[in-house]
Structures are given as C-alpha cells and as structure tokens.
Amino acid sequence: MKPVIITKMLTISTYLLMLFLFAVTGTMYAQNNLNNSMQSHCRLNFFVSTRSNKFDTAPISFQLQAKLMRLFHKAELYVIVARSSEEAAKKISDILKKKNGMVGNLWFDSHGHWQRRRSLFEIGEEEFNYKTVRDSASTVHLQKFSAYCDTNTKVGIGSCYGGATYTLPAIENFPEQRMNGDSLMIGVSRLFGNATVYACESFVLTGPGIMNAGYALCGSPLRKKFKDPIYTPVWERLGEWNCYSGKDGRFESPVTVSLNQDGSIYVKGKNYLGFQKNKRKLSKKLLTFKRGNYNLAYLYQDL
C-alpha cells in the first residue's frame with residue numbers, strides 16, 4: 001500500500017477518533033451542565049402547618065398524612081410545623097439554601113374563620129388576610145424566602161373560604177362584608193414572586209386520602225352549625241377553587257384542586273360539582289338547612 005494512502009487513512013482515522021471523543025466529551029459536558037442546572041434549580045415542595053398546644057384533629061390529620069408521604073418523597077417534600085411565620089420562614093430558608101433549590105409548591109394548612117367575615121390563613125396565631133398580606137411589617141418573615149419563588153411556583157391557601165369572593169349579609173351589628181379572597185390571592189402571588197395561587201371558595205377537608213390526587217379535599221363538615229342558611233354560598237361552591245396566575249395577572253376558571261403524594265398541587269380534570277351525584281346530594285342537604293343552627297355568638301368571639 002502506498003505511503004500516501006496510508007497517511008490519508010491514518011489522518012481520516014485520527015479525525016474520526018477526534019470526532020468520537022469530541023462527541024462523547026460534549027455529551028458528558030452537556031449532561032453535567034444539565035445535572036448542575038437541575039441541581040441549582042431543583043423544585044422543593046413545602047407544607048406549612050401550625051404547631052398547637054390544643055388538640056385539633058384537622059391539622060393533626062394533615063400533618064400525619066404529609067409526614068407519611070415524606071417517607072417516600074424525602075428529596076422534594078418537606079413538612080414545616082411551626083408556631084409562627086418567623087419559625088416557618090427560617091426552616092424553609094435553611095432548607096432552600098442547603099439544597100440550593102427553589103420553591104415548587106407551597107401549601108398553607110390552616111383553619112378559616114367564618115366569624116371573622118374575611119378570607120384568611122394562619123401560621124400559629126398570625127393571621128394573613130387581604131390587608132396584612134400587603135403589609136411589609138406583617139410579612140417581614142415570609143419575605144425571607146420569597147426570593148426562592150417565581151412564576152413557576154404554586155401556592156395553595158389550604159384554609160376554608162381562603163379564596164371566597166362572595167359578600168356576607170349584614171347580621172345584627174355587623175354590616176354586610178365581602179370576603180375578599182381574590183384580593184388575598186393577588187397579595188400572596190405578589191409576595192411570592194408572582195406565583196400561581198389556588199384558594200377555595202368553600203370548605204377544605206383534611207380527612208384520609210388528601211394526598212392521593214383524588215377529591216378528598218372536597219366535601220362538607222358534619223357539624224350542625226354549618227347547616228344554616230348563612231352558609232348557603234359556601235355549600236353552593238363545594239370543591240370550587242379559584243386560580244390566580246401572577247405571570248398573566250388574571251384569574252383562571254374555577255377548578256377543583258387536589259394534592260399529589262409528593263406535595264405538588266394537582267388540578268382535577270372535572271370539578272367536584274361537575275358530578276351529578278354530588279349535585280343531587282347538595283340539593284338534598286340544602287333543603288334540610290335550618291336558621292338558628294349557627295350560633296351568632298361566634299361572631300363576637302374575636303372582638
């Protein structure tokens with residue numbers, strides 16, 4: 001074989017080998033960059049619930065179910081039980097810094113308080129409503145991890161009536177008052193990097209199965225006091241969640257919200273009252289309502 005041909009073959013072989021090594025190295029480099037990017041922008045899910053000295057089945061049920069799911073989703077799910085927004089914010093900030101992550105889903109497990117006649121959620125004894133959520137002094141601690149939130153963050157206000165938009169009628173010395181859940185949602189979105197915010201017009205349940213992507217968050221409580229005509233707008237909106245997109249600056253059509261086992265917020269394909277059986281149950285229950293089941297003394301509890 002002629003030396004020229006051998007030289008050309010060696011040159012081609014060397015060239016092909018270089019291309020192969022370049023391709024392999026480039027793939028490894030790209031993969032490393034992807035891994036580093038994923039690591040630096042990993043999305044973590046947080047459940048924030050109140051630590052209380054009182055025995056309360058609702059938060060206990062929620063906390064137990066969330067902690068059980070954390071056993072299987074330690075990489076992305078964190079359960080924060082705190083007595084104050086300061087304690088909650090510190091725990092969340094420490095985790096985000098350590099994991100070099102961003103907030104994927106943030107869920108506030110809280111009671112709603114009908115007698116206060118406004119949409120709200122609580123962390124410990126601190127109340128966050130449409131006014132306080134816009135007050136920098138009230139949200140000073142929550143602002144500490146707001147930098148870890150953006151338009152890809154989802155926030156769930158997990159309190160009853162947290163997204164209520166109806167107006168409650170005047171009762172005794174109390175004038176009619178709008179719940180302003182939509183204003184609360186907008187304030188929460190702005191606080192957390194223009195996140196997408198979900199909040200319910202109605203009751204939020206915490207019974208078994210709330211993290212199985214089903215309808216367990218929907219439904220109604222059994223206590224007699226809720227079967228009063230004063231609660232009619234709540235019952236008429238069972239399972240109805242409002243959704244505010246901070247990115248687009250607008251409200252989407254109402255949806256029914258659920259939770260996945262990893263703590264991510266999941267929107268059901270069909271709304272709770274989209275099922276005829278649920279509509280029929282609701283119609284029957286509304287016929288049994290009796291004025292006086294709700295004790296008006298509750299309205300004076302927070303004065």
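How many helices and strands does the secondary structure of the protein come to? The count is six helices and 13 strands, and keep in mind that this is a predicted model. Of the 303 residues in the protein, 47% count as buried. Contacts reach well along the chain too: among those with a separation of 6 or more, 74% join residues 24 or more positions apart.

**The largest pocket**

- Start with the open space: the largest pocket has a volume of about 1400 Å³.
- It is lined by 44 residues, and the closest to its centre are Asp56, Ala58, Pro59, His111 and His113.
- Two elements give two or more residues to that lining, namely strand 1 (42-50) and helix 2 (57-70).
- Helix 2 is the top contributor to the lining of the largest pocket, with six residues.
- Sorted by class, the lining of this pocket is a mix of 16 nonpolar, 18 polar and ten charged residues.

**Nonpolar cores**

- The largest nonpolar core holds 43 residues, and Trp107, Trp114, Tyr161, Phe203, Tyr231 and Trp241 have the most contacts inside it.
- Helix 2 turns up again here: along with strand 2 (77-82), strand 9 (196-200), helix 5 (232-235), strand 10 (241-245) and strand 12 (257-259), it supplies at least two residues of this core.
- Have a look at Trp241 if you want one residue to click on: leaving out residues up to four places away in sequence, it touches Trp107, Ile157, Tyr198, Ala199, Cys200, Val204, Leu217, Pro254, Val255, Thr256 and Val257.
- There's also a second, separate core of 35 residues, with Leu106, Ile123, Phe192 and Val197 among them.

**Cysteines**

- How many disulfides does a search of the whole structure find? The answer is zero.
- Why does Cys160 have no partner? Its sulfur is 7.5 Å from the closest cysteine sulfur, in Cys200, and that is too far for a bond.
- Cys200 is no better placed, because its closest cysteine sulfur, in Cys218, is 7.2 Å away, again too far for a bond.
- Both of these residues sit inside: Cys160 is buried with a relative accessible area of 18%, and Cys200 is buried with a relative accessible area of 0%.

**Helix 4 and Leu184**

- Helix 4 is largely enclosed by the rest of the structure, because nine of its eleven residues are buried.
- The buried residues of helix 4 are Gly181, Asp182, Leu184, Met185, Ile186, Gly187, Val188, Ser189 and Leu191.
- Leu184 lies in this helix, which covers residues 181-191, and at 0% relative accessibility Leu184 counts as buried.
- What does Leu184 touch, not counting residues up to four places away in sequence? The list is Ser119, Leu120, Phe121, Phe128, Asn129, Tyr130, Val133, Ile157 and Gly162.
- Leu184 and Gly162 are 22 residues apart in sequence, with 8.0 Å between their C-alpha atoms.
- Just after helix 4, Gly193 takes a positive phi of about 65°.

**Positive phi outside glycine**

- Most residues other than glycine have a negative phi, so exceptions deserve a glance.
- Asn100 is one of them, with a positive phi of about 55° although it is not a glycine.
- You'll find Asn100 in the loop between helix 3 (85-99) and strand 3 (101-109), where it counts as partly exposed at 42% relative accessibility.
- Ala213 also has a positive phi, near 60°, and isn't a glycine either.
- Ala213 is in the loop between strand 9 and helix 5.

**Asp262 and its contacts**

- Where is Asp262? It is in the loop between strand 12 and strand 13 (265-267).
- With a relative accessible area of 22%, Asp262 is partly exposed.
- Asp262 touches Asn45, His73, Glu76 and Leu77, not counting residues up to four places away in sequence.
- Tyr78 is 184 residues from Asp262 along the chain, yet their C-alpha atoms are separated by 9.2 Å.

Definitions and conventions: Residues are numbered from 1 along each chain as its sequence is written. This is a predicted model: local features need pLDDT of at least 70, side-chain atom pairs count only at pLDDT 80 or more; totals for chains, interfaces and linings use all residues. Side-chain values use heavy atoms; hydrogens and water are left out. On a 1 Å grid over the protein atoms alone, a cavity is a set of points where a 1.4 Å probe fits but cannot get out, and a pocket is an open set with protein on both sides within 12 Å along at least five of seven lines; lining residues have an atom within 4 Å of a point. Grid points are joined across faces, edges and corners, and a volume is the space filled by probe spheres set on the points. Helices (H or I, at least four residues) and strands (E, at least two) are DSSP runs, numbered from the N terminus. Ala, Val, Leu, Ile, Met, Phe, Trp, Tyr, Cys and Pro count as nonpolar, Asp, Glu, Lys and Arg as charged, and the others, Gly among them, as polar. A nonpolar core is a set of buried Ala, Val, Leu, Ile, Met, Phe, Trp, Tyr and Cys residues joined through side-chain atoms within 4.5 Å. Buried means under 20% relative accessible area, exposed over 50%, partly exposed in between (1.4 Å probe, protein chains only). Contact means heavy atoms within 4.5 Å. A disulfide is a pair of cysteine sulfur atoms within 2.5 Å.
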